[in-house]
Amino acid sequence: MTKYRTEEDTLGPVQIPADALWGPQTERSRNNFPTGQYMPLAIIRALLNIKKAAAQANMETKAISAEKGNLIVQAIDELLALNDEDLRKDFPLKVYQTGSGTQTNMNTNEVVAHKAHQINPDIEILPNDDVNKGQSSNDTFPTAMNVVALEALDKLKPAVQHLIDELKVKQDKYMKTVKVGRTHLQDAVPLTFGQELSGYVAALEHDLNYIKTLEPTLNELAIGGTAVGTGLNAAEGMPEKIAEKLSEVYGLNLTADSNKFYGLANHSGLDVVHGALKSLAADMFKIAQDIRFLGSGPRAGYGELNIPANEPGSSIMPGKVNPTQAEAVTMAALRVFGNDTVVTMASSQGNFEMNVYKPVLIDAFLESADLMTGTIMGFADKMIHGMTVNEERMEELVDNSLMTVTALSPHIGYHDSAKIAQSADKAGSTLKEAALKSGKVTEEQYNEWMDMLKMTNVDRKD
């Protein structure tokens, strides 16, 4: 049977599990909002670091005694040292709570205060008056949002670069491997597989650059705005000191030199950066879609690529291999598309001095970044790395293509070239047979002009 202790907040007494480090406001939220996923632990750790920086700043500005400040810092250090499983035990609140994140901020304040009491019961540390001193949920939570978003991007960027590097290996290897091009899902003139891959590389390099270009907007912190942006009850110089200390902890160039009214009511930075994540997801969807179609078969599909067999593809069909990494990354992309709508709508809800969709906004952002990071790494390592080309199939399709007739057009004209292609298609003959039969081209000319590799301009020096 669970044992309880009784604590009071401004609304009255609350029964709390006896061994819990949280207090009455956390307990109320835990019972009032039981639905959905837990608040991401990245947010909890960021709030703990903010509280630690605030305690240090408050000591430096003489807003709190060294005795209390150092105890708060010690308590937070012990909490930060916990692994995720142990930390979660005292942070049980859900994303779907108050839209300001106040209850998670208070959860943090209460846990730190109780941890401090465990360390030294002779010094009274109060959640609101001491741990939350000079702060408000309204400025700490959005500060944590920006910090964790930057953290997530620092994990995503290397994953994207890793995929680029893997694609470049294949790009170089197959730069002179000719294959049929396709536009409108119809045959087109030849290109090399390396050239095709170079387009994927360029798309991802652009996506990576978009993220790097946009992410500095997240360096602006709301800390110091307190309740409505005026900074009421925050000691002079405190926000700047917090930003400086957080910069050291996270290795970021964070600043408190920002408009606090904007910082509390708007999340434009998160919105625009998530837009870059959406663009990355869109390009990943296209790349993964192309790869899985080119690898379809092995007998009844395009069959141009051989994809790694990572696991059995069917519970009933022996020997089946499926493009599972492509499926995973495309499903993740769909989630990012949906999250972009959530982030956009949540960002639009900055009524008056306060946006009250903060928890769902940052949860959606983090999910997008985490999904892209994980599925891109899997796609790079478990699909692209082991992917090979079926050169015989590529050559067969190029030889059977009618659109290589385009190379004849500069010599005999578009109209006569079209007639040759139509004749070959109607007769079911090769393009060469139709061209020689037309009398417009000699065999020597045909062999000279119909150089498939030359058609790709792969060796052309621009």
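**Exercise 1. Find which parts of the structure cover the buried residues of helix H16, and describe the two sides of H16.**

*Solution.* Step 1: the cover over the buried residues of H16 includes helix H15 (409-412) and helix H17 (431-438). Here helices are DSSP runs of H or I with at least four residues, strands are runs of E with at least two, and both are numbered from the N terminus.

Before going on, note that this is a predicted model, in which local features need pLDDT of at least 70, side-chain atom pairs count only at pLDDT 80 or more, and totals for chains, interfaces and linings use all residues. Residues are numbered from 1 along each chain as its sequence is written, and side-chain values use heavy atoms, leaving out hydrogens and water.

Step 2: list the buried residues of H16, which are Ser 417, Ile 420, Ala 421 and Ala 424. (Buried means under 20% relative accessible area, exposed over 50%, and partly exposed in between, with a 1.4 Å probe and protein chains only.)

Step 3: look down the axis of H16; the buried residues fall within an arc of 95°, so they line one face of the helix. The arc is that of the directions from the helix axis to the C-beta atoms.

Step 4: turn to the other side of H16, where His 415, Gln 422, Lys 426 and Ala 427 are exposed.

Step 5: walk past the end of H16 to Gly 428, whose phi is positive, near 70°.

**Exercise 2. What should the 27 residues of helix H13 span?**

*Solution.* Step 1: at 1.5 Å a residue, H13 (residues 358-384) should span 39 Å. The expected span is 1.5 Å times one less than the number of residues.

Step 2: compare this with the model, where the end C-alpha atoms of H13 are 37 Å apart, which agrees.

Step 3: check the surroundings; 20 of the 27 residues of H13 are buried, so this helix is largely enclosed by the rest of the structure.

**Exercise 3. Describe how domain 1 and domain 2 meet.**

*Solution.* Step 1: take the bounds, domain 1 (4-133) and domain 2 (139-233 + 258-392), which come from an automatic or database domain assignment.

Step 2: count the contact, meaning heavy atoms within 4.5 Å. Domain 1 gives 18 residues and domain 2 gives 18 residues.

Step 3: about 1300 Å² is buried between domain 1 and domain 2, with carbon and sulfur atoms giving 77%. Buried area is the accessible area (1.4 Å probe) that two parts lose on being put together, summed over both.

Step 4: in domain 1, Ile 43, Ile 50 and Gly 99 lose the most area to domain 2, together 36% of what that side buries.
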